[in-house]
Amino acid sequence: MSSPFRGTTICAVKRNGQIAIAGDGQVTMGEHTIFKTTARKVRRLYNGEVVVGFAGSVADAFTLCEKFEEKLQQCGGNLEKAAVALAQNWRGDQMMRQLESMMIAANKDRLLILSGTGEVIDPDEGIAAIGSGGNYALAAARALLQNTDLSAAEIAEKALHIAASICVYTNDHIIVETV
């Protein structure tokens, strides 16, 4: 049985040597109830060198985050190796295959999406978005990246505000972390 608690929208942008990941604060219980408005879905891992943002089932997202941090430790902080090792576990482990979560992970050089099917995706254009408001945030971030000189952090935050104005599962309590 899946968790009734869902964390929602994450958006990441890479620009001018900086990567920013923004996440909203809403946790929804079931389909109709806002359970929490100030959740922190964007975190720093591996001595602050890696930033992750997660969406999906809250308990599953925390589990995924913990497993990813273990892989980062085992791989000496190598983001790609840790992501691939996690994906291999995700596909091969019965418990992990049940996780209903996605994650965006970044270090100073790379931006990756870890999907709920155990895929590791290097997004086009240096933009990634996941969660219920992800498509809205992705569209907004693309437009802002192509038509403004805003920083990565400013674009990620504005994209989340736009998503929050459209998606009922996304709010405007936004946390932004950069690497």
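The radius of gyration here is taken over C-alpha atoms, and the globule rule is 2.2 Å times the number of residues to the power 0.38. Keep that rule in mind. This is a predicted model.

Start with overall shape. The protein has 179 residues, so a compact globule would come out near 16 Å. The protein itself has 15 Å, which agrees. Along its principal axes, the C-alpha trace spans about 40 × 40 × 25 Å.

Next, the fold. There are five helices and 12 strands. Now look at contacts between residues at least 6 apart in sequence. Of these, 60% join residues at least 24 apart.

On to the surface. Half the story is inside: 50% of the 179 residues count as buried. The protein exposes about 8,400 Å². Carbon and sulfur atoms supply 48% of that area.

Charges, quickly. I have 17 positive and 20 negative side chains for you. The centres of the two sets lie 2 Å apart.

Last, the cysteines. How many disulfides does the structure hold? Zero. Why is there no bond at Cys65? A disulfide needs two cysteine sulfur atoms within 2.5 Å. The closest cysteine sulfur to that of Cys65 is in Cys75, 15 Å away, so it is too far for a bond. Cys65 is also buried, at a relative accessible area of 6%.

Cys167 gives a second case. Its closest cysteine sulfur belongs to Cys11, and the 13 Å between them is too far for a bond. Cys167 counts as buried too, with 7% relative accessibility.

Notes
Residues numbered from 1 in each chain as written. Predicted model: local features only at pLDDT ≥ 70, side-chain atom pairs only at ≥ 80, totals over all residues. Heavy atoms only, no water. Helix = DSSP H or I, 4+ residues; strand = E, 2+ residues; numbered from the N terminus. Buried < 20%, exposed > 50% of the residue type's maximum accessible area, 1.4 Å probe, protein only. Contact = heavy atoms within 4.5 Å. Areas by Shrake-Rupley, 256 points an atom, 1.4 Å probe, with all protein chains shown as cover. Lys, Arg positive; Asp, Glu negative; His and termini not counted. Charge placed at Lys NZ, Arg CZ, Asp CG, Glu CD.
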